[in-house]
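Please look over the structure shown below before reading on. The report that follows takes up exposure, charge and helix geometry in turn.

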Amino acid sequence: MKPKDLLKKMAKLESINDQLAAEIRYLDELSKRLGFPEGLSAFKSAAEELISLEEEMGDIISEDEAS
């Protein structure tokens, strides 16, 4: 690639990065407003725990149906 093309691609990637960083900050603020004191990291932990519990419940239901 030519240096001009590389600079253009780098500028585009920087713009995308800025947009994603802004979205993450917004989601972090929303998470705090929803009652997750640590923001997005607390929301992520809660979501992962919920998924884990749903998977466990699905396993229990599957075992009961097999009996």
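In this predicted model, Lys-8 counts as exposed because its relative accessibility is 66%, which lies over the 50% that the term requires. Lys-8 has its place in helix H1, and together with Lys-2, Lys-4, Lys-9 and Lys-12 it forms a positive surface patch.

Helix H1 itself runs over residues 3-33, which makes 31 residues in all, and it reaches 45 Å from its first C-alpha to its last, close to the 45 Å expected at 1.5 Å a residue. After H1 comes Gly-35, a residue whose phi is positive, with a value near 110°.

Charges also meet within the helix. The structure holds 1 salt bridge, and in this bridge the side chains of Lys-32 and Asp-28 come together at 3.3 Å, taken from N to O. Side chains of opposite charge can pair when their charged atoms come close. Both Lys-32 and Asp-28 lie in helix H1, where they are 4 residues apart, or about one turn of the helix. An α-helix has 3.6 residues a turn, so residues three or four places apart point the same way.

The table sets out the accessibility of the lysine and the aspartate of this pair.

| Residue | Relative accessible area | Class |
|---|---|---|
| Lys-32 | 42% | partly exposed |
| Asp-28 | 23% | partly exposed |

Lys-32, at 42%, is partly exposed because its value falls between the 20% under which a residue is buried and the 50% over which it is exposed, and Asp-28, at 23%, is partly exposed for its place between those limits.

Terms used: Residues numbered from 1 in each chain as written. Predicted model: local features only at pLDDT ≥ 70, side-chain atom pairs only at ≥ 80, totals over all residues. Heavy atoms only, no water. Helix = DSSP H or I, 4+ residues; strand = E, 2+ residues; numbered from the N terminus. Expected span 1.5 Å × (residues − 1). Patch = residues over 30% accessible without salt bridge, like charges linked within 9 Å, V, L, I, M, F, W, Y side chains within 5 Å. Areas by Shrake-Rupley, 256 points an atom, 1.4 Å probe, with all protein chains shown as cover. Salt bridge = Lys/Arg side-chain N within 4 Å of Asp/Glu carboxyl O. Lys, Arg positive; Asp, Glu negative; His and termini not counted. Charge placed at Lys NZ, Arg CZ, Asp CG, Glu CD. Buried < 20%, exposed > 50% of the residue type's maximum accessible area, 1.4 Å probe, protein only.
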